[in-house]
2 protein chains.
Amino acid sequence: MALLEAAAHVFAESGFDAASTRDIVTAAGLQQGALYHYYPGGKPELAEHVVELGFHMYAAPGSEPTHPNGLYLQMVVDASIALGYRTPRDKFAQAAARLATDQDQRTFGVLWNAYIPRVSAILQQSSEHGELLQGVRPEETAITWVEAFVGADIRYRKRLAEMPEAISRLNQTIVRGIATPETLVLLDASVERGALLYELEEEARAASDSAETVA
Amino acid sequence: MALLEAAAHVFAESGFDAASTRDIVTAAGLQQGALYHYYPGGKPELAEHVVELGFHMYAAPGSEPTHPNGLYLQMVVDASIALGYRTPRDKFAQAAARLATDQDQRTFGVLWNAYIPRVSAILQQSSEHGELLQGVRPEETAITWVEAFVGADIRYRKRLAEMPEAISRLNQTIVRGIATPETLVLLDASVERGALLYELEEEARAASDSAETVA
């Protein structure tokens with residue numbers, strides 16, 4: 001197992017404090033020295049790299065909607081349901097979520113710092129395109145959306161298999177409160193949509209992995 | 001300092017794993033044996049008692065609204081903004097929140113298990129009284145509401161002073177999506193309302209404390 005993958009497994013299972021570098025290098029089939037060769041900063045630096053890989057967003061602000069419905073709001077829904085679908089299947093996502101919400105870690109807060117500005121920017125575009133109800137404030141909505149995701153993510157830490165369904169339901173509840181009826185009828189917040197996005201990304205990742213070697 | 005109060009301080013600062021029973025009894029001015037006298041189950045039992053005291057809800061399902069607006073939805077808002085106002089001021093609330101969201105603890109999940117059924121029951125009453133928009137499902141809304149609270153609670157762990165404002169904003173975002181315009185115009189989700197409820201409860205607690213001795 002590659003070093004990073006081993007680190008993701010151990011951090012996901014044990015959290016930062018209880019994760020031992022010995023367990024990580026053993027799982028990776030390496031000597032202790034190898035870890036410090038790649039990560040001179042040791043465990044904290046390794047944790048930061050895992051968090052970075054675990055969080056990514058399917059759509060960048062400023063990009064155009066890819067879903068046939070052409071909605072900017074779909075981009076936010078997509079990011080949420082795809083991460084919800086990914087989390088039970090991906091130790092990087094699990095490790096990143098855990099490291100970013102354990103309050104004594106250096107990586108605490110990375111989750112909301114990464115997502116709130118991006119969600120906020122896309123909701124601003126969504127608002128400008130007339131997809132949102134009058135009076136909906138993009139930034140406040142983005143904050144609540146991300147907070148709700150984090151709360152659900154924690155709630156399902158021990159019932160990971162239920163997470164895609166939970167995130168799909170959470171998205172349906174939120175969009176019902178902010179989208180115009182015309183937007184609502186076109187949106188897709190289903191678990192199946194999350195699954196499709198996950199599979200597309202895995203294919204893209206596999207294609208990119210075959211082109212370059214990963215440490 | 002009383003034993004329970006000392007325990008709340010130590011659990012709030014350190015979390016369950018890092019909290020030592022030695023620190024707790026020292027802060028309480030007691031010997032180690034005293035802890036096991038009151039709590040034969042030791043640290044886990046003490047933690048459970050702290051969580052129990054840290055979570056309480058201002059309104060019980062089945063009770064009548066006390067706010068002059070007579071809204072059931074106000075009862076849910078009240079519970080949320082009052083806990084948001086209490087958290088920075090009360091080590092029991094801080095310790096309970098931390099113990100209930102640290103995923104390896106016995107107390108994990110107490111927060112949502114305690115609140116979701118109660119919020120759901122009150123939202124059901126709110127719906128029956130015509131306060132909610134058509135199509136709003138009480139239980140799904142309750143889940144999202146509690147998840148969002150938990151997410152905000154974690155986000156502000158290191159910026160506790162901002163929590164009342166954050167919870168007030170979160171409530172405003174949620175009610176805007178579920179309440180009828182007639183309900184919305186009467187609701188009060190302000191920080192000041194949270195402060196008032198907190199003060200009323202502190203007075204009631206002080207009156208009850210002077211009547212009975214607390215361990």
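**Exercise 1. Which residues in α8(A) meet which residues in α9(B)?**

Work through this contact between chains in the predicted model, then decide how the two helices are oriented.

*Solution.*
- Step 1: List the partners. From α8(A) come Glu140(A), Thr141(A), Ile143(A), Thr144(A) and Glu147(A), and they meet Arg169(B), Leu170(B), Thr173(B), Ile174(B) and Arg176(B) of α9(B).
- Step 2: Sort them by class. The contact of α8(A) with α9(B) holds 4 charged, 3 polar and 3 nonpolar residues.
- Step 3: Look at the axes. Those of α8(A), residues 138-155, and α9(B) come within 10 Å, crossing at roughly 95 degrees.
- Step 4: Name the arrangement. Because angles from 65 to 115 degrees count as roughly perpendicular, α8(A) is roughly perpendicular to α9(B).

**Exercise 2. Now stay inside chain B and describe how α8(B) packs on α9(B).**

*Solution.*
- Step 1: Get the geometry. The axes of α8(B) (residues 138-155) and α9(B) (residues 163-178) come within 10 Å and cross at roughly 160 degrees.
- Step 2: Translate the angle. Angles over 145 degrees count as roughly antiparallel, so α8(B) is roughly antiparallel to α9(B).
- Step 3: Add the hand. The crossing of α8(B) with α9(B) is right-handed.
- Step 4: Find the residues. Among those of α8(B) in the contact are Trp145(B), Ala148(B) and Phe149(B), while the α9(B) side includes Ile167(B), Leu170(B) and Ile174(B).
- Step 5: Count the classes. This contact of α8(B) with α9(B) is made up of 10 nonpolar, 2 polar and 3 charged residues.

**Exercise 3. Is Tyr156(B) buried or exposed, and what does Tyr156(B) touch?**

*Solution.*
- Step 1: Locate the residue. Tyr156(B) sits in the loop between α8 and α9 of chain B.
- Step 2: Check the accessibility. Its relative accessibility is 4%, so Tyr156(B) counts as buried; the cut-off is under 20%.
- Step 3: Collect the contacts. Apart from residues up to four places away in sequence, Tyr156(B) touches Glu162(B), Met163(B), Ala166(B) and Arg169(B), along with Glu147(A) from the other chain.
- Step 4: Take one of these partners further. Tyr156(B) and Ala166(B) are separated by 10 residues in sequence and by 8.4 Å in space, C-alpha to C-alpha.

For contrast, try another loop residue: Ala60(B) lies between α4 and α5 of chain B. With a relative accessible area of 44%, Ala60(B) is partly exposed.

**Exercise 4. Explain why α6(A) is described as largely enclosed, and say what covers its buried residues.**

*Solution.*
- Step 1: Count. Helix α6(A) spans residues 91-101, and 10 of its 11 residues are buried, so the rest of the structure largely encloses α6(A).
- Step 2: Name some. The buried residues include Phe92(A), Gln94(A), Arg98(A) and Leu99(A).
- Step 3: Find the cover. It includes α1, α4, α5, α7 and α8 of chain A, together with α8 of chain B.
- Step 4: Zoom in on one of these helices. The axes of α4(A) and α6(A) come within 8 Å and cross at roughly 115 degrees, with a left-handed crossing.
- Step 5: Inspect the contact. Ala47(A), Val50(A), Val51(A), Leu53(A) and Gly54(A) of α4(A) pair up with Phe92(A), Ala93(A), Ala95(A), Ala96(A) and Leu99(A) of α6(A). By class, that contact of α4(A) with α6(A) has 9 nonpolar residues, 1 polar and no charged ones.

**Exercise 5. Which residues have the most contacts inside the largest nonpolar core?**

*Solution.*
- Step 1: Find the core. It has 130 residues, and those with the most contacts inside it are Phe11 and Trp145 of chains A and B.
- Step 2: Follow one of them. Leaving aside neighbours within four places in sequence, the contacts of Trp145(A) include Leu73(A), Val76(A), Leu123(A), Leu170(A) and Ile178(A).

Conventions. Residues are numbered from 1 along each chain as its sequence is written. Chains are lettered from A and ligands numbered from 1 in the order in which they are written. This is a predicted model: local features need pLDDT of at least 70, side-chain atom pairs count only at pLDDT 80 or more; totals for chains, interfaces and linings use all residues. Side-chain values use heavy atoms; hydrogens and water are left out. Axes are lines fitted to C-alpha atoms, for helices over the stretch in contact, and angles run from 0 to 180 degrees between N-to-C directions. Helices (H or I, at least four residues) and strands (E, at least two) are DSSP runs, numbered from the N terminus. Angles under 35 degrees count as roughly parallel, over 145 as roughly antiparallel, 65 to 115 as roughly perpendicular and the rest as oblique. A crossing is left-handed if the near helix is turned anticlockwise from the far one by less than a right angle, and right-handed if clockwise. Contact means heavy atoms within 4.5 Å. Ala, Val, Leu, Ile, Met, Phe, Trp, Tyr, Cys and Pro count as nonpolar, Asp, Glu, Lys and Arg as charged, and the others, Gly among them, as polar. A nonpolar core is a set of buried Ala, Val, Leu, Ile, Met, Phe, Trp, Tyr and Cys residues joined through side-chain atoms within 4.5 Å. Buried means under 20% relative accessible area, exposed over 50%, partly exposed in between (1.4 Å probe, protein chains only).
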